[in-house]
Structure formats: C-alpha cells, structure tokens
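Here's a walk through a structure, written for someone who likes to know the cut-offs behind the words. Have the viewer open and follow along.

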Amino acid sequence: MGKIFQIAKNTFRESIRDKVLYVIAFFAAVMMLASLAFGWISIGDQLQVVQDFSLAVLSFFGALMAVFIGAGLIHKEIDKRTIYTIISKPVQRWQFLLGKYLGLLAVLGLAMIGMLAASLAFVAYAAWTAKNPAIPIWTERVAWGWYAVAMLMIFFETMVVVSLAMLFGSVTSPILSAIFTFTAYLVGQVSASINYMFTTFVPAKESVARQTGEILTDLASQLYFLLKPLSLLIYYLLPDLSYFQLRNQVVLGPPPTGEQIFTGMLYGAGYSLAALILAVILFDRKRF
Amino acid sequence: MRSEAPAIAIRGLTHSYQRNFWEKRRLALENLDLTVDRGEIYGFLGANGAGKTTTIKILAGLQRQTGGRAEIFGVPVSRPECRRRIGFMPENPYFYEYLTARESLDFYGALCDLPGSERSPRIGELLEFVGLAQAADIRLKEFSKGMRQRLGIAQAIVHRPPLVILDEPMSGLDPIGRRQVRQAILDLHAGGATIFFSSHILSDIEMICHRAALIDRGRLVADGSLAELLDPRELEIEVGGTNLDAGQTAALAATAGRFLRREGELLFSFGDWEAAYRAVDVFRRHGRLTLLRTVKESLEDYFMRSTGKAGDETGARDG
C-alpha cells in the first residue's frame, strides 16, 4: 500500500499543478454563476433551476477534468521517461496504475469540493433572493443533505470516467484517449435510455402492433434486428451513467431511495474496478 | 537463487518488435550471450542502434524479451523481486521537475521499501556522495544536465543494490561532468557493487572497465578483458622532430604511412621499425628528435576493426 500511496501522492502533486484543472474549474464557476441568471429568467422555481444547473455543471466539468487530465496521465510518464525510474524499482505495474488513478481521483475530489463550495454559495444566494425570504433556506427550501448525496454520486460518476481515461490512456495517445473517454461519457448519459428503447419500448410497440395488425414503418422498428444487439453491446461495454443522475430527484423530489444510492455506488466501484483491471492487463504488455 | 550465480547471465537473448502491425518485425537483439561476474566494472559497447539500450531495458524490467533468458543473480528478470537487487539509471534520466532532489530521493526510497526512519539519513549520504548536498532543496527544473545525471546515479543506488546498471551515464556531459560520473562509478565499485554500463564513448570504457562486450546490430561481436580484446602488437611507430630541410622532410614523408606538420614539429608514422629507425637517424644527423613512441590498438581501433564502420544506424529502435 505504501508504494501506491507514494505514487498517488506524487500524482496529486503533479496534477494539482496542471493548468487545465484551473481553466476548467474557472469555466465551471462561470457556468454556475450563469445559472443564477437562468434562474431569474426562468418561469418556474428559480431556486430549482439554480440547483439543477449547478449539479449538472459539477457533473459535466468533473468529467471534463477527468478526461483532459486522466487521458494524458500515463502518456506523460512515458513521454517524459519518468516511468523508467519507477518501473525499474521493485514496483509492480498495477501498483503504478492504481497509484496514478487514486492520485488523480484525489485531485478531482478536491476540485469538486471547491466547485461544490461555489455551487452551494450560488444556491444559498439564490435561496436568499427567492420570492419568499420568510421561509428559512437551510431547512425547507433546499434539501442540503440530498444535495450532498447528489454530489457524492457525481464523484462516483467521475470515478468511472477516470477509470476509462486510464484504460484508454494506457494504450492510446492522449488525444485518442480523450476522444474515447469523452464519447463514452456522452454515450453513458443516454445508454440506459437506448437500452430501454430496444429492450422494452420497441418490443412493446411491436406487440401492440401485432395485436392491432398495424405494420410498423419507423426506422427503429425496421432495423430492430440490428439495433438491438448493438444497443446491448453499447450498454454493457460503456458505463450506464444514469445510475448517478440523481439530481432531478434531489431537486424536484421524491428523494432517491437508499437502495438506489447503494446500487449506484456499487455499480460505480464495480465498473471502475473492471476498467482498471483491463487497463492493468493492457499496460502490463506495454514496452517502454 | 544460486549464491554463486553471476551478477548478470544472459543466454540466447532475442528481442524483436513491430512499430505497426502492417510492418515487418525488426530484430533488435539476436541470440545474445553475456555473463557479468560479481564485482566487475563491465562496459557494454556499441554504436547507436546496436541493441545496448534494448538489452538494458530488458534487464531493468522495462521491456520483455521475445526469446532467450536473462537473469540477475540467478533470478529471471521477469520476477519483480529481481529489481530489489539492481539499481538502474536510464540514459538522460528525467525526473519530476517540481520536486527537489531531496523529495525526489525520498520518493524513490519509498518505492524501494526503505522505511521512513532510514530514508532521511540515506538521502543525506547520497546527496553527499554525488556532490548535490548544496542543491538538495532546489527544484529539479533548475538542475543542469550534469546534476540530473548525478541525481540519476543517486536514485539508482538509494536501496544499496549489489548491481548497478547505467545506460550511457556519460552521454552529453562536459569533461568535468564525465569525470565526476566516472569517479562515482569507481567509488560505487570500491563499495562492493558490480557495475554494468553502456557507452559509445570508448575512452570511458577503456579508462575504468575490467571487461567489455561489443555489440553490433543486436549481435555480440566480442567480449572479454581489454587485454584480451585489444591487439598487443604495435600498430605504428611515431617519430617526431624539428629542423629538417624541405628535401629531407619530403624524403621521409615518402616512406612514412602518415605525415603531419604541427606547430613547427614534423610528425611521421611508420608501420615498421626499420623505417622508423631510418627516420630517427635522419633527425639525429640533420635535425632534432623530439618524439619516438609506439602506438598500440585503442578500443576505438578495435571497435572500427570489429564492426567495420563508425557508429552508423542499424535500423533498430533503441541503442
């Protein structure tokens, strides 16, 4: 554990100096600030808009940081040849990879705490300026506990994205790795819906059509034989990030169940572990 | 692990690689056999691209061979415990620039399982050894190449390995830097370590190595002590002097293998003693004799003779 900790500590020191981190954090703060404006011009509850938008910004910019720093993390070690003096020591390659992963996760955790603090400040400000200031903001207007849970799930989502960045980063160039990881993140946002469409919605529609004698002519039904296995493949290979999307429930209610939170955390940990194991297998075959 | 096993034993080591899957495989090493005994300073000699770095990377666990075997003190290099017994310095070592020399050595010490209580005195000792005590708390981005090279040696020996492997340790250094690194190697050897280092700077190998191996295009050309490798016979006899007139100079130059005029001194090289004696006689009678010496084969001559070229590229990826 000592070696992994040392590598993680070193990665933390290295990544905390990465300018990309600060650029993304700055834009995240700007976006959150903009959420106040969106709140003011929105028709519904402006406080809900600010909360929802802030959490979405945290998720998106957390993933961006994971992609841009994580994708080049391994390559930088190889490119700058700093890896030579590490791998030639009694350090196993999986220890190196895990150390890098945990170090980056620690940096992102810290960055997200910073972004969370900014987001809380904006939400508190929005609550304070809300139409009915007589209602105490710390109790009824904002569910702060659930807000923290939503944040925790975003961190688990980031954990998955970092593991993918490490996986792609250990076998491809930083640019390709960033593209693959970001694509996986985007597809992961909708993979559950795609899966639902081809495993539940289209079959149900076909069943109704059979009963009514209707002939289905839409593209999804026509290409069902091809799209179903494809959607299943995408669903099982790429992460299903809907497990971590609790912000609507947190902001609008009803609040997420304990089972939902636990399943999400378990899925995040399991997926990250699987991606890291694959990364270790591929990294182990690498020649420097 | 056998207690009598040599420091390095390489048998039939072969390594091929493919840059792209559509390209033909290239052979970086072919059936290499090499033994480095304990307590030696062993020079690994070859032109750029000959396969030196590939061999060293396999020994350091950075690459895996495609054939043959390599052992360190009787333990196959594929086993991680083998790396506890080696200290490795890559060519032009790179470090985390935001760390200081002290922080850097602390990091490497921890990777070698050195307990925290031992690390601090050991780091002080190492910084003294490589002459970086004054620069211990300076960030590495401000280090010169020579300082990085010396830090490279320090990180390699942080865990007191019995075998130190250095890849081109003198590469790119000025004469002072080279001398410092050479001295560090000699000091390490005096401390009981076996040293294996690659170089294409022949004079360095000639100066400090007990034995050397010559590799060319991934194949071992020769190995042995320098006395065994180099031709003991005189290659040429050099005669030098002054005060000869143009006619006498031209007559001697016609019989000499090489003729050189340097700051008023006339230098002639002869392939046999008979011609050399004639030149000595001419100088004694008509001028002033200033030089008479025999030239034996140097490692550079041997290198040229054995490889038939001067450091061309072989197409292999690593050195």
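**A walk through the two chains**

Let's start at one spot in chain B: B:R160 is partly exposed, with 13 other C-beta atoms within 10 Å. The burial scale behind that calls a residue buried if 20 or more other C-beta atoms lie within 10 Å of its own, exposed if 12 or fewer, and partly exposed in between, with C-beta atoms placed from the backbone. B:R160 isn't a glycine, yet its phi is positive, about 50 degrees. You'll find B:R160 in the loop between α4 and β7 (163-167) of chain B. Helices (H or I, at least four residues) and strands (E, at least two) are DSSP runs, numbered from the N terminus.

Some bookkeeping before going on. This is a predicted model, where local features need pLDDT of at least 70 and side-chain atom pairs count only at pLDDT 80 or more, while totals for chains, interfaces and linings use all residues. Residues are numbered from 1 along each chain as its sequence is written, and chains are lettered from A and ligands numbered from 1 in the order in which they are written.

A second positive phi in a residue other than glycine belongs to B:E263, near 45 degrees. B:E263 sits in the loop between β12 (258-262) and β13 (265-270) of chain B, and B:E263 is exposed, with 5 other C-beta atoms within 10 Å.

Now zoom out. Chain B has 10 helices and 14 strands, and its C-alpha atoms fill a box of roughly 75 × 50 × 40 Å along the principal axes. Of its 319 residues, 41% count as buried. The domain assignment (bounds come from an automatic or database assignment) splits chain B into domain 1 (1-85 + 161-178 + 190-227 + 298-319), domain 2 (97-160) and domain 3 (234-296). Between the C-alpha centres of domain 1 and domain 3 of chain B there are 41 Å.

Chain A is built from 12 helices and zero strands. The C-alpha trace of chain A spans about 65 × 60 × 30 Å along its principal axes, and 42% of its 288 residues count as buried. Call two residues in contact if their C-beta atoms, placed from the backbone, lie within 7 Å. Among contacts in chain A between residues at least 6 apart in sequence, 82% join residues at least 24 apart. For chain B, residues 24 or more positions apart account for 72% of the contacts with a separation of 6 or more.

How do the chains meet? The contact takes 23 residues from chain B and 21 residues from chain A. On the chain B side, the largest share, four residues, comes from helix α2 (residues 101-111). By class, that side has 15 nonpolar, three polar and five charged residues; here Ala, Val, Leu, Ile, Met, Phe, Trp, Tyr, Cys and Pro count as nonpolar, Asp, Glu, Lys and Arg as charged, and the others, Gly among them, as polar.

Helix α2 of chain B deserves a second look. It is mostly covered, with 10 of its 11 residues buried; B:L105, B:F107 and B:Y108 are among them. The buried residues of α2(B) pack against α1 (2-15) and α4 (84-87) of chain A, together with α3 (116-129) and α4 of chain B. After α2(B) comes B:D113, whose phi is positive, near 65 degrees.

Follow α4 of chain B next. Helix α4 (residues 145-156) and helix α5 (residues 175-190) of chain B pack at an angle of about 10 degrees, with their axes 10 Å apart. That makes α4(B) roughly parallel to α5(B), since angles under 35 degrees count as roughly parallel, over 145 as roughly antiparallel, 65 to 115 as roughly perpendicular and the rest as oblique. The axes are lines fitted to C-alpha atoms, for helices over the stretch in contact, and angles run from 0 to 180 degrees between N-to-C directions. The residues that touch are B:G146, B:Q149, B:R150 and B:I153 of α4(B) and B:G177, B:Q180, B:V181 and B:A184 of α5(B).

Finally, the interior. The largest nonpolar core (buried Ala, Val, Leu, Ile, Met, Phe, Trp, Tyr and Cys residues joined through C-beta atoms within 7 Å) has 147 residues, and A:V162 and B:I165 have the most contacts inside it. This core draws at least three residues from each of domain 1 and domain 2 of chain B. A second, separate core of 10 residues includes B:V239, B:L252, B:L266 and B:F283.
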